[in-house]
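Open the structure in your viewer and keep the selection panel at hand. The tour starts with the whole chain and then stops at two residues.

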Amino acid sequence: MKRLLTAALCLGWLTASAAPAPTAASTNAPPAVAKKTQAELDEIAKAWVFPVGEEIVYTLYWGIIPVGRATVTASWVEFEGRTLLRVHARAVSNSVIAKLYPVDDNMESLIDPVTFLPVKFIKKMSQGRHKYDEEVVFDHVKLKAHWKSFKKNKEKTYDIQPDTRDLLCFLFWMRGRPLKENETLKTKVDTDEKIYDLTINTFNIEKVKLSKYGKREGLKCIPKAEFNGLFVRKGDMTVWVSRDPRAVMLKMVADTPFANVEVKLKEVNGPGKDFWIENKE
């Protein structure tokens with residue numbers, strides 16, 4: 001259960017909900033940038049394939065049993081005198097499963113809208129008896145990241161690269177760089193207070209049946225990594241990404257020793273006049 005909900009929370013090409021701006025003080029924040037007007041923000045966002053205000057909702061299954069819901073959204077937020085893009089992902093177990101193993105996982109990335117590099121990453125997770133409350137503050141000028149765990153009362157600083165991105169920032173950045181059939185992408189991602197290798201192998205385009213949108217074309221992808229909170233460690237994982245400009249995840253399936261894990265797109269909400277907004281069945 002923990003692996004299913006955590007994988008669904010993090011796995012790629014998703015969205016988030018508007019919540020209060022974070023209040024934790026950053027220790028290595030980049031130099032402050034003046035707040036931007038709405039007109040300036042709208043102009044910046046024209047380069048992105050997703051509209052700010054987007055919400056994507058997924059249903060989580062353990063075998064054929066629905067066990068929860070994952071939601072990802074994008075919004076503007078004012079943080080330390082700067083206007084940033086906030087990407088927030090949440091996965092929660094449903095009322096039946098919550099009696100056995102309650103899960104409420106939250107992750108958010110605060111992103112510089114000009115460079116699309118992360119300023120701060122926040123992880124707050126509740127998985128049964130396990131609790132996590134962590135943050136990473138990025139300094140792309142000094143090429144350092146500062147990680148802190150409030151639960152464990154631990155922290156450390158480590159080196160990063162000029163293009164280092166946290167998991168959520170990377171996934172949204174990738175949406176603007178469509179993958180092609182039969183190719184291999186190798187990159188690095190910051191998570192678990194370390195820099196990890198990530199490989200994405202793509203295959204053919206296949207049809208994915210969705211309850212509200214009918215059959216949609218998706219590029220079959222198999223990601224490989226070794227860090228917590230993204231991929232199930234035991235068993236193969238396959239993701240299908242839509243071929244339209246939004247490049248959203250249609251479905252994720254993970255084969256585990258216990259049962260098939262499936263995350264399936266339920267609906268896309270928010271601004272926009274494309275297929276996803278105008279053609280729900």
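A residue counts as buried here when its relative accessible area is under 20%, and as exposed when that area is over 50%. By that rule, 49% of the 281 residues of the protein chain are buried. Keep in mind throughout that this is a predicted model.

Begin with the whole protein chain selected and shown as a cartoon. There are 5 helices and 14 strands to find in the protein chain. Switch to a surface view: the protein chain exposes about 13,400 Å², and 51% of that area is supplied by carbon and sulfur atoms. Next, consider contacts between residues with a separation of 6 or more: in the protein chain, 52% of these join residues 24 or more positions apart.

Now select P162. Look for P162 in the loop that runs between β8 (154-159) and α4 (167-175). Is P162 buried or exposed? P162 has a relative accessible area of 53%, so P162 counts as exposed. Show its surroundings, setting aside neighbours within four places in sequence: P162 is in contact with L117, H140 and L143. Pick H140 from that group and draw a distance between C-alpha atoms. The viewer should give 6.1 Å between P162 and H140, which lie 22 residues apart in sequence.

Move on to L179. L179 sits in the loop between α4 and β9 (184-191). Its relative accessibility is 10%, and therefore L179 counts as buried. To finish, add C221 to the selection. From C-alpha to C-alpha, L179 and C221 are 9.1 Å apart in space, with their positions 42 residues apart in sequence numbering.

Conventions
Residues numbered from 1 in each chain as written. Predicted model: local features only at pLDDT ≥ 70, side-chain atom pairs only at ≥ 80, totals over all residues. Heavy atoms only, no water. Helix = DSSP H or I, 4+ residues; strand = E, 2+ residues; numbered from the N terminus. Buried < 20%, exposed > 50% of the residue type's maximum accessible area, 1.4 Å probe, protein only. Contact = heavy atoms within 4.5 Å. Areas by Shrake-Rupley, 256 points an atom, 1.4 Å probe, with all protein chains shown as cover.
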